[in-house]
Amino acid sequence: MSREYSVQPGSSADRRRDAAVHVTPLIPAAAAVAVIGRPALWAAPVLVLGPLVVGGILTRGRDVGRRHRIRAIDFNANVALAALVLWGVLELGTRIELLGILVPVGVLLLSLLWLNWLLMIAIAVNRARYGELFEPPWVVPFARWRDGRSLRIMTKEHAHGDG
């Protein structure tokens, strides 16, 4: 079994806070809907603020909480970037007649992204409640680049200099 899915140390209160870190991106999304009455493009980059600000308060310097927070930041940064790209695809499709096919494709992909965002948040919250870490499969680790960590996964052969 992978270390990612092993139970991490912490009390039940710590695990509830770790789960709450994954829910924090819903705060800016709900605020955008409350302010203007519908989802808005400007809310996409703001998704990272939930785990960044509120997550920092909830994790309180705990190592496991920090790992949950970094994963939440990475995931929401990827969702925000994908949403901005898809919005650009929709804009191209509406402005250039030859690219009109991009509109239904963009709407479909944006809908799938939204559903995937909600599903991955639910999975991360559930895993955090049981003391496990979760990383969605398609996430580029932005926050780990900032920390200066290596993105390459070391195998046993590489670690021992055999490969």
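**Note on helices α4 and α6 and a nonpolar patch**

1. Ile101 lies in the loop that connects α5 to α6, where helices are DSSP runs of H or I with at least four residues, numbered from the N terminus. Its relative accessibility is 59%, so Ile101 counts as exposed (exposed is over 50%, buried under 20%, partly exposed in between, with a 1.4 Å probe and protein chains only).

2. This is a predicted model, in which local features need pLDDT of at least 70 and side-chain atom pairs count only at pLDDT 80 or more, while totals for chains, interfaces and linings use all residues. Residues are numbered from 1 along each chain as its sequence is written, and side-chain values use heavy atoms, with hydrogens and water left out.

3. Helix α6 (residues 102–129) has 28 residues, which at 1.5 Å a residue (taken times one less than the number of residues) should span 40 Å, and its end C-alpha atoms are 40 Å apart, in agreement. Its buried residues, among them Leu113, Trp117 and Ile121, pack against α1, α2 and α5, contact being heavy atoms within 4.5 Å. Just after α6, Gly131 has a positive phi of about 85°.

4. In helix α4 (residues 49–59), the buried residues are Gly50, Pro51, Gly55, Leu58 and Thr59. Viewed down the axis of α4, these residues fall within an arc of 100°, so they line one face of the helix, the arc being that of the directions from the helix axis to the C-beta atoms. They pack against α1 (12–23), α2 (26–36), α3 (43–46) and α5 (63–95). Arg60, which follows α4, has a positive phi near 50°.

Conventions:
Helix = DSSP H or I, 4+ residues; strand = E, 2+ residues; numbered from the N terminus.
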